[in-house]
Amino acid sequence: MTGLSNPWDVQPIGSGRLLITERDTGRLLLRENRNTRQVQFPSNRVWVSGETGLMSMEVDPGFGTNHRFYTCQGWLKPGGGHDIRVIAWRLNDAGTRARLVETLLSGFPTSTGRHGGCRLLILANGALLVGTGDAAQGRNPRNLRSLGGKTLRMNRMTGRPWPGNRFINSDSRRKQYIHTFGHRNIQGLAQRRDGSLWNAEHGPGIEDEVNKLFNGADYGWHPVPGYNESVPMTDHSLPGRQISARWDSGPTPATSGAAFVRGSQWGAYEGSLAVACLQGSRVIFMKFDSAGRLKWTRAPRALRQFGRLRSVTVAPDNDLLITSDNDTGDAIIRVSPR
């Protein structure tokens, strides 16, 4: 489909239908039978600034009966002010209106809208994983009382911190949500068939990263004093242990959404991590061995003709759905192996 404006995410909801978020318009769209309609949704409450707006979306595994889905987005607070938050919604039977069920977690830091994150992923155990940006504020990533520059793990039905989180017994409610910390601006989350968790995040002009995530681990972004982007993405001079990336770039391709490729029809690409790139205008497929060591990368020429690419979603038939992000004339691209 074409004619979109900055589509951030696309998710199947069954019967061939797709839900789509547009970052800057704050619109929620439904695609059905080659027709696209706008879902009634409080777009006027979406805080849009810079890199922040209506961003990631996940669909509940029980959507067929509960019609629940989740967004991570900027939000205008009543009476003034704004933040970034995770919200649960319910789509009506006709697919024409989305009703706010509850805010699961709010208070993600913001500045100008730069480094707003924000990626969602429902895990095999039912937990909701959230990847956040550091809001371009240097102390957020390693501040365990800030939700910025982290992956957070919660119960998707209640919004409570996930019981297995490393800091679940902390006296700080925010710290209880933390799964990993020391991140710059997480744009992609993916879970491999073996259960391991991975992210893709933007570096400061160089050193975009793909990381394997470990509960409670520090990934070493600490750009202080101020917001000093000359420091390494993974700074091993910091106290404690920092986890090195499984892949990092030279000059940034601006890695964004990511998903593991499924299905034997993909041949050698099966099990690889497909990572969309904004500035690089391509998809990089990364193959890791069972221990998480990088074996190879490939960037097929066929996927270099659509400009900036934002999100990658695996469709029910194991095709890939990819959103372009070129401000106008954007598209959802279906990618099939051959």
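## Close-up views of a predicted protein chain

**View A. Glu207 lies in the loop between strand E14 (197-201) and strand E15.** Strands (E, at least two residues) and helices (H or I, at least four residues) are DSSP runs, numbered from the N terminus. The structure is a predicted model, in which local features need pLDDT of at least 70, side-chain atom pairs count only at pLDDT 80 or more, and totals for chains, interfaces and linings use all residues. Residues are numbered from 1 along each chain as its sequence is written, and side-chain values use heavy atoms, with hydrogens and water left out. Although Glu207 is not a glycine, its phi is positive, at about 65 degrees. Glu207 is partly exposed, with a relative accessible area of 23%. Buried denotes a relative accessible area under 20%, exposed over 50%, and partly exposed the range in between (1.4 Å probe, protein chains only).

**View B. Ser15 is a non-glycine residue with a positive phi of about 55 degrees.** Strand E1 (7-14) and strand E2 (17-22) flank the loop in which Ser15 lies. The relative accessible area of Ser15 is 72%, so this residue is classed as exposed.

**View C. Gln242 is placed in the loop between strand E15 (209-213) and strand E16 (247-248).** Despite its loop position, Gln242 is buried, with a relative accessible area of 5%. Its side chain makes a polar contact with the side chain of Asp218 at 3.2 Å. A polar contact is a pair of N or O atoms within 3.5 Å; within protein, one atom must be able to donate a hydrogen and the other to accept it, and residues adjacent in sequence count only if both atoms are side-chain atoms. The side chain of Gln242 also reaches the backbone oxygen of Pro239, at 2.9 Å. When residues up to four places away in sequence are not counted, Gln242 touches Arg142, Asp218, Gly220, Thr234, Asp235 and His236; contact here means heavy atoms within 4.5 Å.

**View D. Pro223 and Pro225 are shown in the loop between E15 and E16.** The peptide bond leading from Val224 into Pro225 is cis, with omega near 5 degrees. Pro223 has a relative accessibility of 0% and therefore counts as buried. Gly138, Asn228 and Val231 are touched by Pro223, not counting residues up to four places away in sequence. Between the C-alpha atoms of Pro223 and Gln40 the distance is 41 Å, and these residues are 183 apart in sequence.

**View E. A cis peptide bond joins Gly117 and Cys118.** The omega angle of this bond is about 10 degrees. Cys118 belongs to the loop between strand E8 (98-108) and strand E9 (119-122).

**View F. Gly188 is part of strand E13 (residues 186-191).** This glycine counts as buried because its relative accessibility is 1%. Not counting residues up to four places away in sequence, Gly188 touches Arg119, Trp198, Asn199, Ala200, Ser256, Gly257 and Ala258. Val231 is 43 residues from Gly188 along the chain, and their C-alpha atoms are separated by 22 Å.

**View G. Leu28 is located in strand E3 (residues 28-32).** With a relative accessibility of 0%, Leu28 counts as buried. Its contacts, leaving aside neighbours within four places in sequence, include Leu19, Ile20, Thr21, Val39, Phe41, Leu54, Met57 and Phe69. Arg37, Gln38 and Ala98 are also among the residues in contact with Leu28. Gly62, which is 34 residues from Leu28 in sequence, is 20 Å from Leu28, C-alpha to C-alpha.

**View H. The protein chain, given as context for the close-ups, contains 2 helices and 23 strands.** Its C-alpha trace spans about 55 × 50 × 35 Å along the principal axes. The radius of gyration is 18 Å, which agrees with the value near 20 Å for a compact globule of 338 residues; this radius is taken over C-alpha atoms, and the globule rule is 2.2 Å times the number of residues to the power 0.38. Buried residues account for 60% of the 338 residues. Of the contacts between residues at least 6 apart in sequence, 54% join residues at least 24 apart.
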